[in-house]
Protein chains: 2
Amino acid sequence: MQHQRPKIVDVARLAGVSTATVSRVLSNPQIVNAETRRLVEEAIRQTGYRLNHAARNLRHRRTGGVVALVPNLSNSFFSQILAGMAAVLAPAGYNLLVADTRAEGGASILRYAEPSRADGLIVLDGSLPAEGLARRVPVVLACEWIPGFAAPRVKIDNRQAAQMAVEHLIALGHRQIAHVAGPVGNVLTDARLAGTELALKAHGLPPPRVFPGDFTLASGQRAGAAWLALPPGERPTAVFLASDEMACGFIGEVQHSGLTVPRDVSVMGFDDIELVAHMTPALSTIHQPRNAIGRHAAQRLLDRIGGDEGSEDTVLPVELVLRGSTAPPRG
Amino acid sequence: MQHQRPKIVDVARLAGVSTATVSRVLSNPQIVNAETRRLVEEAIRQTGYRLNHAARNLRHRRTGGVVALVPNLSNSFFSQILAGMAAVLAPAGYNLLVADTRAEGGASILRYAEPSRADGLIVLDGSLPAEGLARRVPVVLACEWIPGFAAPRVKIDNRQAAQMAVEHLIALGHRQIAHVAGPVGNVLTDARLAGTELALKAHGLPPPRVFPGDFTLASGQRAGAAWLALPPGERPTAVFLASDEMACGFIGEVQHSGLTVPRDVSVMGFDDIELVAHMTPALSTIHQPRNAIGRHAAQRLLDRIGGDEGSEDTVLPVELVLRGSTAPPRG
DNA sequence: CGGAGTTATGTAATCGATTTCAAGGGGGTT
DNA sequence: AACCCCCTTGAAATCGATTACATAACTCCG
């Protein structure tokens, strides 16, 4: 190895052309004479040349990367969304960087929102400060969103989805329906609660009893304990939880106490994460098209990077998935 | 906005110093006179200057990024490992890029293994070609590994872990123990199968009946169907599956048929993904320290990038987690 | 007071590619 | 023969930071 790593001038020298020509072969082959091109390609092969992306990016004033800001990387809900994004970004020549907004200290996460770090940002966390994001790089919001921050959003209709879920429980004959909410201050929490209340109101039923939650298994378990702690006569006969993880925790707790789902209580989740189809009982839930959310978000971002100024929302359809955890109330 | 984006010369001009001095304030403040430093910092504030990473990286001949090659981003098993890696890399000033080795076409994934793209690579997929990886950037293998490829590995002792699992089943009194294996050709598949066979042999029991699998829920479900298809007298009384996801599929299928776990069959998983603690029955399994795997892998890579040549393995301890899915055989 | 040593700063080369601008050569037209 | 155009190609500027080397000022000491 005479050179640590061949550069474009090494290729140029070997091929007997200028660096400009080599560069053209690399990025715009058809404008180079066929024979010259062949020579250069041969030189590239012989030297084992690989281009330096830092240099190209510097010249192009771009980074070739897109950052996804995820509230919690450990949450499997996001992994399929990331997979969808990667599937769109990779063919377009972009790298996907992921960052956990919780793991890294508050505002420092915004260091990713710089043009020299990333060409664009996909934000999946509605709790980030709008000021920090403004005027930096193209942004797309997915799933969650930031009130007062104008950017294209890729989302589902959470309110309507919650309505569908509760309508189903009502149709089964339930009259006392509880809701286990998401974390306080989250936009999804509010939308799903609103949908729940709307559906009940539309059927002349009283507002739901609401148990606190935060989308995690553990909080679902606590909700289960809280439900069990009620006098049997006062227990809602159906519970709609704002996430599947919580539903799993809830069902686990209820079954542990010896009661049975859906005989003693109907349970409805939200998200349709893969596992819940295989539990016993299989969970009835709202299916979120997670891969599609990732793909659309990535595509919207690419459009934005390409100069598209549109900021209308993309609302993807959900599906009511009925499985074994919901049934008519007893008696 | 007169400038699109202030550069280091703008700061220098405003502070009345050279770009060299500004650069020094940025990366080595203590060698600059306190008063000058104050001036420069003030100028940085006034101009709203942000440094361009592409330029710095070009000069430093580094990228500031680390790539994780994951077999399947949708698999929640990996998300917690990624979280662990991010927790170590971010404070060290590295970005974490993730790529799905399955989603992107075969060899093209190796484009990430270039010094100008990433300063290092964490490979979680044992099926990548060793030749492609050799002699490129520092590599650390995590979980899986590539036979014949020398690099530090961060892993668990899969053989021994499988042994522990099967020993437990034997201790409960089981004599007919089946194994549901991982995908053919995978190093984990072989190690876990070997451990299973070893444990049985040590107790004078015949080799296990082996059902094919590939770590996915669906394959676990198929294994459940295959188990059910056996004449009741020939059914193994316990099944050890090479992943929790498969165990979930298996249990789901068995319970669907009206049988009960662990009364009719004991089930043992592998991984201890978060959800399985909340199923009914809760799954007995082998706990893998996923966050720690991620952290250690990231740390090893940082060491390697820093010049450490060591390539010994880091073997992290697993735990046998006993929950409700295993019990003595009937009768 | 001259010389060594220290500290602080500036000048200019450098990282490795891309791209503007200019120019050479060939063909066709009048 | 003069002119124009197109096709190729090269020279050199450029992207925005870092840093080796040079230099100036100041201190210390015999």
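This passage walks through a predicted model, starting with the DNA, then the paired chains, then some salt bridges and a few single residues.

DNA strand C is a good place to begin. The protein surrounds this strand with 25 residues, and the closest of them are Ile8(A), Ser23(A), Arg59(A), Thr21(B) and Thr36(B). Of the strand C atoms that come within 4 Å of the protein, 66% belong to sugar and phosphate. As for which parts of the protein line up here, helix 2 (19–27) and helix 4 (53–60) of chain A each supply at least two residues of the surface near strand C, and so do helix 2 (19–27) and helix 4 (53–60) of chain B. Helix 4 of chain A gives the largest share, with four residues. In chemical character, the residues near DNA strand C split into nine nonpolar, eight polar and eight charged.

Some of these meetings can be followed atom by atom. Arg59(A), already named among the closest residues, has a side-chain N or O atom 2.4 Å from a base oxygen of DNA strand C. Arg56(A) also uses an N or O atom of its side chain, and there the partner is a phosphate oxygen of strand C, at 2.7 Å. With Ala55(A), the backbone does the job: one of its polar backbone atoms sits 3.4 Å from a base nitrogen of strand C.

Next come the two protein chains themselves. In general, two copies of a chain are related by a rotation about an axis and a shift along it. Here, turning chain A by 180° and shifting it by 0.1 Å along the axis places it on chain B, with an RMSD of 0.1 Å. The two copies are thus related as by a two-fold rotation axis. The interface tells a matching story: 100% of the interface residues of chain A are interface residues in chain B too, so the copies meet through the same surface.

What about charged pairs? Side chains of opposite charge can pair when their charged atoms come close. Counting over all chains, the structure holds 20 salt bridges. One of them joins the side chains of Arg153(A) and Asp313(A), with N and O 2.6 Å apart. This pair ties together distant parts of the chain: Arg153(A) belongs to strand 5 (residues 153–156) of chain A, while Asp313(A) is in the loop between helix 11 (290–305) and strand 11 (314–316), 160 residues away. Arg153(A) has a relative accessibility of 22%, so it counts as partly exposed. Asp313(A) is partly exposed as well, at 31%.

A second salt bridge brings together the side chains of Arg323(A) and Asp272(A), again with an N to O distance of 2.6 Å. Here, too, distant parts of the chain are linked, as Arg323(A) is in the segment after strand 12 (319–321) and Asp272(A) is in the loop between strand 9 (266–268) and strand 10 (285–287), with their positions 51 residues apart. Arg323(A) is partly exposed, at a relative accessible area of 24%, whereas Asp272(A) counts as buried at 13%.

A third pair is Arg300(A) and Glu312(A), whose closest N and O atoms are 3.6 Å apart. Arg300(A) is in helix 11 of chain A and Glu312(A) is in the loop between helix 11 and strand 11, 12 residues apart. How do these partners sit, buried or exposed? Arg300(A) is buried, with a relative accessible area of 10%, and Glu312(A) is partly exposed, at 48%. Salt bridges can also share partners, and in this way Arg263(A), Asp264(A) and Arg330(A) are joined into one network.

Two single residues round things off. Glu309(A) is found in the loop between helix 11 and strand 11 of chain A, and its relative accessibility of 65% makes it exposed. Glu309(A) and Leu82(A) are separated by 227 residues in sequence and by 24 Å in space, going from C-alpha to C-alpha.

Over in chain B, Thr63(B) has its place in the loop between helix 4 and strand 1 (65–70). This residue counts as buried, with 15% relative accessibility. A polar atom of the Thr63(B) side chain is 3.0 Å from the backbone nitrogen of Gly65(B). Apart from neighbours within four places in sequence, Thr63(B) is in contact with Asn57(B), Pro115(B), Ser116(B), Arg117(B), Ala118(B) and Asp119(B).

Technical notes
Residues numbered from 1 in each chain as written. Chains lettered and ligands numbered in written order. Predicted model: local features only at pLDDT ≥ 70, side-chain atom pairs only at ≥ 80, totals over all residues. Heavy atoms only, no water. Near = heavy atom within 4 Å. Polar contact = N/O pair within 3.5 Å; in protein donor to acceptor, adjacent residues only side chain to side chain. Nonpolar A, V, L, I, M, F, W, Y, C, P; charged D, E, K, R; others polar. Least-squares fit on C-alpha atoms with pLDDT ≥ 70 in both. Contact = heavy atoms within 4.5 Å. Salt bridge = Lys/Arg side-chain N within 4 Å of Asp/Glu carboxyl O. Buried < 20%, exposed > 50% of the residue type's maximum accessible area, 1.4 Å probe, protein only.
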